[in-house]
Each structure stands twice: as C-alpha cells, then as structure tokens.
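Subject: Structure for your review

Dear colleague,

Please find below the structure that I am handing over to you. I would be grateful if you would read the notes after it with the structure open beside them.

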Amino acid sequence: MTSSTYTKDLFVGRRRETREVMIGDVGIGGGNPLRVQSMTNTDTRDVRGSVDQIEALAEVGCEIVRITVPSIRDAEILPEMRAELAKRNVGVPLVADIHFTPNAAMLSVDHVEKIRINPGNYVDKKKFEVREFNDADYEREIEKVAGRFRPLVLRCRERGVAMRIGTNHGSLSDRIMNRFGDTPLGMVESALEFLDVCEGANYHDIVFSMKASNTQVAIQAYRLLAQRLDERPMPPGGSYPFHIGVTEAGDGEDGRIKSAIGIGALLEDGLGDTIRVSLTEHPVREVPVAEALAKRAFKIWVVDAETTSADCITAYTPDPFGYTRRTSKILNLGGLSVGASEPVRVELDLGAPPMNDLDDWAAGHAKSIAKLRDVECESLQVSTAGVLEPGILETVRKALTAAGLNQPLAVACRDGADLDADNSAGFAALISRVVVDVRNDSTDDDCAAAATFAAKVDVALEWRVCGEVADLSGPIRSAATASREARLTRLLFSTNTSRQNHAARLLTAELAEQGLAQAPIVLRHSIGVDADSERATIDMAIDLGAPLCEGIGDLVSVSGSRALDQTTDQVYRVLQGARLRATRTEFISCPSCGRTLFDLEEVTARIKSKTDHLKGVKIAIMGCIVNGPGEMADADFGYVGSGVGRVTLYVGKEVFVRSIAEDQASDRLVELIKDSGRWVDPA
Ligand code: SF4
C-alpha cells in the first residue's frame, strides 16, 4: 500500500495533478514546469528602483515578480510602472501583494496578472483579542468577510486575473486563532473560507500557499491543504496549484537550508507548482536557490513517473499533519547514546583510510574538526575495501586517537563475507558498531555471516540497505531474518539510495512489519563531487531534513569531499532547520519588501554580530508589523519596524517597548535578552 491522503505515492515522487492557472502568459500547475518567482524589496512608489529590480529579476530567470501594494497610492503608481516595464521590454507577469487594503486590491486588478491576498488580514483587523466565537458569531463574521471579499473575486474573474490565497502562519485572524489556534488546521481553514467565496462566484483561477517560518508547520499545512482540497468537489480542470515556500527563512546558509528542507520535502511528495525562496538578501539571490530546488524536483518527477512503486506490505502511517518522533530504543555506541529521546547524533564518515601516511590523514581531519566552535562531531566512521583486519583497525584507531579524535568509531564493510568472526579478538574495544551493506543480490549466507560476526564479537550492527527504493524491501527482510536468527538486539538500519526521503519511509514501514519497529535509524548523506555548490547544500538539507521533519532518524552520518568542519557545521544547521536540535541562535528574518521600514540586511547583520552566540535563542527581525506579532509565536524576542526609523521590541508575542529610535534598538534588544535571563557572554 503506497497511497496516502495528501500525496499520490509515499515511496515515489509523483506530482500532484492540478488545473493550469495562467499568470499572464505564464502557466502555473497542469503540465507546466515548476515556476520560479520572487518579490521586490524596493519602495513601490520608487518606480525606477522597482522597475530596475523587476528587470534584474527577469534577467536571472525569475518568471513571476511580486510587488507590495500597501495603499491606494501604491496601486495608483502601477500604470506608470507597467509603462516603464513595457518601454524596457520586460514582460514578466506581476503580482500585487495585498494586506489589509481591499481598496488597493480592487485598483490593482487592472494592472497586474495576479493578486495575492492574505486571508488573515484581507478583511479582519488583528486586535489580538481572546474572544469566544459561538457558531452564530462565527457565521456572521464569515458573511462579513465574504461581503468584503466577493467584489475582488468578481473583478478578478471579469478581468481574467489570477489570485493567490496566501495564508501565513504568523498572521491568522483573531477569529481563526480563537477557534483553531496557530495550527496547520487553522491555516487551512483560513484559506478554505476564502475559497468558498471564490467557488461561489464560479471563479477558479486560484493558487494557494501555506507559509510558515517553522519548516514542520509549513510542511504539515501544505499536506493538510492537499488532503482537504481532495475531499471537496473537484473544480473544473482539476484542483488548485500550490505556491510553496518557507517564510522568513533568514539569510546565508541557514536561509537556504531552512528553505530547502521545507520546500524540498513538499516537492518530494509531489506538492508544489511555483516556488519562492524567501531570503533576507537581495531578491536576485533567491532565484538560483529556487531554480536548484525546481531542477532537483522536476528530475525526480520525470524519472519517478516511469518508476514502479515500492511493494510495501504495511502502509507507512505517521501523522503527516503533526510531528511525532518515531519511537526507537536507546543504544550505547561506544559511549554515545543513540535513539529514543536522545538528540539526533552527528557522525562523519571519513571513508577508507590510506595505506600510507595514516598519521597525516588523521591529523588533517583533527585540524579541520578542531575549527568547530559551537558544535561537535560525535562519532566517526571509516570503511574497509576488503576483509576487516583487527590489526589494520587498531592502527587506524591509534592514529585517530593520537590526533585527538577520540570519538566512537564505526567501521563499514561491503558485505558479511568481509567479516571473519574467528579473527576478531579485540574488535569490540576498537569499534562502536560495524556497518554492513545488504543489497538485492546479497545471499542469505552473507547476511548470516554479518549477523554471526556481530553476535560473536558483541558489537552493534548497522545494516546499510542499498539499492533503489522499489528494491529495498527484500534486503531489509533478509537482514531482519539474519538478525533474528543470530538473536541480535543491538541493531540499527540505514539506506543508501538516490531517494533518501522515500527510502526512510519504506525502511520505517518494513521494520515495523519485521518486528523491528524500535531499531534506531541512521540517515545517510553523501556530499556530491561539486561539494561547495549551493546544490550540495540543498541536497543535504532535503535528504536529511525531510525525514527528520517526519520524525525519522536517530543519527545522521555524512560522507563526501567537503572539509569536515564545514560538513559538521551544516549538519547541525539542518538539525536546527528541522527543529530538532538547537545549537545556535535562530534568526527568523523576513526577506523585506516595499513595506520594510529599515535596511533588513544591515539590521540583521548588526543584530547577528551581537547575538549569534546565544544557543537556542530565537530572534525575529521583521521589516513591518504585517506578519510581525504573529511570527513572534515562534520567536523568543522580536525586533519589528513600526514606523520610519522606529522599532518595537517584543518578548514572545507581547510588546516590550513600543516605537523606540532605531539607533538604540539593537542595544535595547541585548538589554532585553539580558533582563530575561537568556544572555550569556560570548566565549
Ligand atoms: S514582514 Fe517583511 S516581507 Fe513581510 S510585509 Fe513586512 S517588510 Fe514585507
């Protein structure tokens, strides 16, 4: 059984089918490629600056550009902007981004190809009131919303303009918050209320988004929306396309990693028709990241369209709309506790040690790892090309220890035939576990040899199941049988495939079927040849982050040609991006737009320089109040633009100090963190 309610196939990347929605000449959904879009961060009324940026975005491949239209005056400037774009021969479709101002939306319809509305604030004004809505009150409120929203729908229908119903986790209306809380369900309900009005007017040129800065919440909300849409009567031409993104992802590596985790996990489930990567950087820099994500997903969809689904006996049944970590049992691996509620552990795979210059090899790795400041590599792995010799292993262990690398050491070999239980004296003291490959063509004897070895030597055994996802069930079952026969209890499993996310699900389901539901799972990733590319970062973020967001994974083990300190650092960023292990300050900073009341990049850099040593502290930096207080739900402290040169500071969702001068604000933020007892001095 491979189907689920929100994705066509849990073990294969099959694209969700949708109708095609035209944004000018650019089609979203249907058979169209994944579209890449971005948003200007200029003042909309600065026509030349905005047009320069739109042109720059179009030149780097951005296919749709959004501009903020916060007021009627901004809407009135749109014809001039269009004329200037036409003069420069820039034909990229435009989207007007609307919050709070239906009048600006009505005016914009005549000048753009798409309107984005936020159901949380199109009609409702946020007062952050806690109020009980009985059913009659609730209905009345919805009628009020429909009355204000319907004219825009009719106008869009008349003009052939598309609409995005773009829910944001941080800006749900008080009504939704009071009934559903700031949950994925609340986000979906908020959007469906607006869809009811659209469908009531026979208007279907709709795209949806469900953005959150919390990757898990974003993934869950999009999945729930897909399921809820499928439960409704199908609109003509198919269901509605999705615009996917993680909002306020921040900048640099963290922004890319968070975006890749959320967007990548959704794309691998076949959800997504257009992508916006929200970085606190110049918008032009968002485009290559979105393109890399789109390229990876489209390749998977094309290949997997021809792929047989895995023949898995058991349905994979986690809660796709909430987070629960898979239950595993705790194992002691050379002094390192792995599994159960232990933090997800981090291991570096050093590959095969050289035959010569072993000390230099170990010293080189130690030098790289020594550069790590806030995080540590907790386990090491080496591999052998042939028969596992205790003498060689002892030399490797000594070289690593002499270089100061005392981490538990796992050793990997190709199959059970490379293990000799009669020649294993002293093994258990040298290694924390043995990693054995098992494939479709592994024989029962190979598996039995590995299991017998682990039992006799008394080391933990990790079965690394290799092959394509559809071929993994057989080897998993062979490994499980051999383990049972050898009465092994210290077992782990991992996969080595081109689809680590789908494979992790299959492994979870098969282990449950084999009575090994509690065996810890190792998530593996191999960094490709082009180790320093953005693509390599994205691949790692998806391969590790997608299963982690689903509760799968007790240890991550990464190999590849990148420097060890850089790899370790990135793995921890992935763990933090997936919301599993906080080892540094988390910055939830918006990408900025025409509403931005200060230089977001500069302010973010300034705040980072003062606070980036505060492990686990979450700081939101928002250009304006649109999403501000709502996003504080996810942050410990907030720095939000509240007027030109003015900033309001928050503790959680509560205003701490309102509208202070910007030049004092970052120092006041530090004082605030100190007063709250969350400050530590930098090392
Ligand atoms: S929070 Fe940032 S990106 Fe969002 S509307 Fe305000 S300034 Fe623009």
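The notes that follow describe two helix pairs and the surroundings of the ligand. Please bear in mind that this is a predicted model.

I begin with helix 1, residues 47-59, and helix 3, residues 78-87, whose axes lie 10 Å apart and pack at an angle of about 50°. Helix 1 is therefore oblique to helix 3. Their crossing is right-handed. On the side of helix 1, the contact is made by V47, S50, V51 and I54, which meet E80, M81, E84 and L85 of helix 3. By character, the residues of this contact comprise five nonpolar, one polar and two charged.

The second pair consists of helix 7, residues 184-200, and helix 8, residues 215-231; their axes come within 8 Å and cross at roughly 45°. These two helices are therefore also described as oblique to each other. Helix 7 passes helix 8 in a right-handed crossing. Helix 7 contributes P184, L185, M187, V188, A191 and L192, and these meet V217, Q220, A221, L224, L225 and R228 in helix 8. The contact of helix 7 with helix 8 is made up of ten nonpolar residues, one polar and one charged.

Finally, which residues come nearest to the ligand? Eleven residues surround the ligand, and of these C590, C593, G623, C624 and V626 come nearest. The shell around the ligand divides into six nonpolar residues, four polar and one charged.

Yours sincerely,
A colleague

Key
Residues are numbered from 1 along each chain as its sequence is written. This is a predicted model: local features need pLDDT of at least 70, side-chain atom pairs count only at pLDDT 80 or more; totals for chains, interfaces and linings use all residues. Axes are lines fitted to C-alpha atoms, for helices over the stretch in contact, and angles run from 0 to 180 degrees between N-to-C directions. Helices (H or I, at least four residues) and strands (E, at least two) are DSSP runs, numbered from the N terminus. Angles under 35 degrees count as roughly parallel, over 145 as roughly antiparallel, 65 to 115 as roughly perpendicular and the rest as oblique. A crossing is left-handed if the near helix is turned anticlockwise from the far one by less than a right angle, and right-handed if clockwise. Two residues are in contact if their C-beta atoms, placed from the backbone, lie within 7 Å. Ala, Val, Leu, Ile, Met, Phe, Trp, Tyr, Cys and Pro count as nonpolar, Asp, Glu, Lys and Arg as charged, and the others, Gly among them, as polar. A residue is near a molecule or strand if its C-beta atom, placed from the backbone, lies within 6 Å of it.
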